[in-house]
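Work through the three exercises below with the sequence and the model open beside you, and try each task before reading its solution.

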Amino acid sequence: MTNASPASTRAQGRASEDLAASFLEARGLVVCARNVTLAHAELDLVARLRGETDVPDTIVFVEIRSRRDDRAGGPAETVGRAKQRRLVRAATAWLLREGLWERVAVRFDVVAILFGNDEAPEITWIPGAFEVDG
């Protein structure tokens, strides 16, 4: 992949997902699923973080946001309350479907990617970006 920003929004989304998946896998997460649509919402990445001997695995639901520049704010700023509620709804459906409800720890992360014109993309990983209310 070149350092320049991808030409189309779709290409930028795909490049962002590929970049985020590689970035997280290099840090010990195992990507289990990509682009899962459940409960009228999409989960960009679902990953597993292996627990230690006496600690259960953690399922990490990752929202990926990217922008070509930050003039209108950074990409992570676009994950508002409504988006968080949709992610929680889809994550709940995924956990139930996979038989993991109440069997694993859960975390919601955000990976924000800022593409520069002639620079390598700037990646910001926010583990535990938001908590689930109630």
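A salt bridge here is a side-chain nitrogen of Lys or Arg within 4 Å of a carboxyl oxygen of Asp or Glu. The model is a predicted one, in which local features need pLDDT of at least 70 and side-chain atom pairs count only at pLDDT 80 or more, while totals for chains, interfaces and linings use all residues. Residues are numbered from 1 along each chain as its sequence is written, and side-chain values use heavy atoms, with hydrogens and water left out.

**Exercise 1. Salt bridges and exposure**

Task: Establish how R50 and D57 are joined, and decide whether each is buried, partly exposed or exposed.

Solution: Begin with the distance, which is 3.0 Å from N to O, so that the side chains of R50 and D57 form a salt bridge by the definition above. Next, apply the classes of relative accessible area, where buried means under 20%, exposed over 50%, and partly exposed in between (1.4 Å probe, protein chains only). R50 counts as exposed because its value is 54%, whereas D57 is buried because its value is 18%.

**Exercise 2. A pair between a strand and a helix**

Task: Describe the surroundings of K83, and find its salt-bridge partner.

Solution: First place K83, which lies in helix 2 (residues 81–97), helices being DSSP runs of H or I with at least four residues and strands runs of E with at least two, numbered from the N terminus. K83 is buried because its relative accessibility is 16%. Leaving aside neighbours within four places in sequence, K83 is in contact (heavy atoms within 4.5 Å) with E42, E63 and R65. Of these, E63 forms a salt bridge with K83, with the closest N and O atoms 3.7 Å apart. This pair links distant parts of the chain, since E63 belongs to strand 3 and K83 to helix 2, 20 residues apart.

**Exercise 3. The setting of strand 2**

Task: Determine how strand 2 pairs with strand 1 and with strand 3, and how many of its residues are buried.

Solution: Two strands pair if DSSP finds at least two bridges between them. Strand 1 (residues 29–38) and strand 2 meet this rule with eight bridges in the antiparallel sense, and T37 has E42 as its bridge partner in strand 2. Strand 2 and strand 3 are also antiparallel, over five bridges, with A47 standing opposite V60 in strand 3. Finally, seven of the nine residues of strand 2 are buried, leaving the strand mostly covered.
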